Structure formats: structure tokens, C-alpha cells
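Thanks for coming, everyone. I'll walk you through one model today, strand by strand. Please pull it up on your screens.

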Amino acid sequence: MANDELVGRVRALRSQGRSPKEIARATGARPSEVTRIVRELGRDAYAAEAGTLVGTWVSRGWSAGLAVPPDRPDWSDDDADAGLEGLVSVLVARRDRPRRLSVCGYLVDTYCLGVKNALGPTVLGDRELPDFRRRFFQSMQWVEAPDELARHLVFGAVDHARSLGFEPHPDFAPAAAHLGDRPGSSALTFGRDGVPTFIAGPGDDPARVIRTLTRAVGADGFQAVTHA
């Protein structure tokens with residue numbers, strides 16, 4: 001039997017759940033040859049599956065204050081008041097290998113600072129994902145979202161922040177590729193109702209942020225809530 005023909009028969013029989021010994025008997029091939037082909041087919045399947053998207057989730061209320069294109073109903077945000085205004089969490093899971101996932105998370109300031117923090121890639125088991133997701137979002141509610149939305153949301157926030165003088169958190173670099181291809185430009189409009197808005201949070205340096213914003217857009221070109 002020609003090698004290509006044997007590989008095809010092994011693939012077909014393997015897809016039926018047949019063992020290598022059963023396949024060897026059915027094809028008349030040597031068991032060692034069948035075992036080798038099965039292993040090669042398995043490696044090819046694992047390689048093809050690696051990196052495939054498993055799921056994308058964003059915190060509810062992600063669209064608060066943003067302009068969302070009306071022709072994208074799949075980007076709808078059922079409860080724009082559910083989240084922390086201007087602060088969005090995004091989680092992306094991809095296949096790493098059989099029964100293992102690679103996940104990355106992003107904490108995004110959509111009004112001003114862009115990506116404030118990122119984690120991953122972190123490898124975990126399939127069964128660990130639900131608990132990991134709960135811990136990642138903490139008190140936030142989340143919804144499954146199109147991966148395209150996640151790209152426009154995260155990369156768009158990065159570009160908006162850079163236009164104001166702010167770079168993403170250093171941990172964003174190793175996690176960025178998990179989002180997929182960067183869109184040319186985001187379909188979303190950032191800032192609160194289009195206006196750069198700084199809402200101070202833990203770890204922020206309000207004086208530095210306000211100086212940077214003033215240089216970028218002038219003293220009257222932004223809003224700031226420092227809770228001083």
C-alpha cells in the first residue's frame with residue numbers, strides 16, 4: 001500500500017476511534033508503522049489547534065462613555081452602567097495544547113491611560129478556566145464577546161492613550177499577541193463622550209498625568225477627577 005494511501009486510511013480509521021492495533025489488522029500494515037503514523041497525525045493535529053481562540057470575555061459596562069458604531073449589533077453592551085466607568089477588564093483564552101489553555105488579561109482605561117495592567121500568557125487546564133475567570137474579573141460581571149471587539153477595545157485604547165502621551169503597562173508587550181492582529185484603527189471613539197478624562201485610581205500619579213494631558217491637549221482639553 002502506498003504511504004499516502006496508508007496515511008489516509010490510518011487517519012480515517014483513527015477518526016472512528018480505532019486503536020493502532022486494530023488499524024494495523026485492518027490495513028495489513030506493520031503495527032510499528034501504524035503507531036508512527038498515528039503519532040505524526042497527533043502532532044500535526046496539536047500544532048494546527050495551538051493558538052486557536054477558545055473564548056473572549058469583557059466586563060459588563062465596557063461601553064460607558066464610548067461611541068460604538070451602530071452597524072455592529074454584535075458589540076452591544078446590555079448594561080452600560082454595570083461596570084466601573086472608563087475601566088474595562090478583558091480576558092482572552094487560546095488553545096495551548098490538548099486540555100491546556102493559554103490566557104491573557106488586560107485592565108484597560110478607555111478614557112485616558114490605555115492599558116494599565118496586563119497578565120499572561122498563563123497556561124492552565126481547561127477545568128481551571130471558570131475559577132480563573134472569576135478571580136480575574138473579581139467583583140465585575142462579565143460577558144462573552146467577539147474577539148474583534150476585544151482587539152478594537154484594547155488596541156484602540158492603547159492608541160488613544162499614546163496620542164495623549166501615555167504608554168501601555170510594560171506587561172502588555174508579552175500579552176499583546178494573544179489578542180490577534182491589530183486593526184488598522186479602532187472603530188470605537190475613546191474618552192468620556194469623546195473627551196480625554198482622567199479618573200484617578202490606586203497607584204496613579206495625578207500630578208504627572210495632568211501635566212502630560214496639559215501638554216497634549218491644553219488645560220481646557222480634558223477633564224480630571226482626582227478625588228482629592
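**A sheet, its hairpins and its cores**

Start at a turn: in the hairpin of β2 and β3, two residues sit between the strands, and Arg99 there takes a positive phi near 65 degrees. Keep in mind that this is a predicted model.

Now the strands on either side. β2 covers residues 87–97, and its pairing with β3 is antiparallel, over ten bridges. Two of those positions are handy landmarks. Ala93 faces Val103 in β3. Leu87 has Asp109 of β3 as its bridge partner.

Follow β3 onward. Four residues make the hairpin connection from β3 to β4. β4 is residues 114–125, and it pairs with β3 in the antiparallel sense over nine bridges. Asp109 turns up again here, opposite Gly114 in β4.

Is β3 mostly covered or mostly open? Mostly covered: of its ten residues, 100 to 109, eight are buried.

Step back to the whole sheet. It is open, has five strands and is antiparallel, in the order β4-β3-β2-β1-β5. β4 and β5, the latter being residues 142–144, are the edges; each has a single partner strand, so one side of each has no neighbour in the sheet. From one strand to the next, the twist averages 20 degrees.

Next, the helices. α4, residues 129–137, lies across β1, β2, β3, β4 and β5. It runs at about 160 degrees to β2. α5 also packs on the sheet, where it touches β1, β2, β3 and β4. The angle between α5 and β3 is about 45 degrees.

What about the interior? As a general point, nonpolar side chains in soluble globular proteins tend to be buried together. In this model, the largest nonpolar core has 29 residues. Those touching the most other members are Trp62, Val90, Tyr106, Leu153, Val154, Phe172 and Leu179. β2, β3, β4, α5 and α6 each give two or more residues to this core. Which element gives the most? That is α5, with seven residues. Apart from this core lies another, of eleven residues, including Leu91, Val103, Leu129 and Phe137. You met Val103 earlier, opposite Ala93.

Last item: cysteines. Cys104 is buried, because its relative accessibility is 0%. Cys112 also counts as buried, at 0% relative accessibility. How many disulfides does a search of the whole structure find? Zero.

That's the tour. Over to you.

Methods. Residues numbered from 1 in each chain as written. Predicted model: local features only at pLDDT ≥ 70, side-chain atom pairs only at ≥ 80, totals over all residues. Heavy atoms only, no water. Buried < 20%, exposed > 50% of the residue type's maximum accessible area, 1.4 Å probe, protein only. Pairing = 2+ DSSP bridges. Core = buried A, V, L, I, M, F, W, Y, C linked by side-chain atoms within 4.5 Å. Disulfide = S-S within 2.5 Å. Axes fitted to C-alpha atoms, helices over the stretch in contact; angles between N-to-C directions. Contact = heavy atoms within 4.5 Å.
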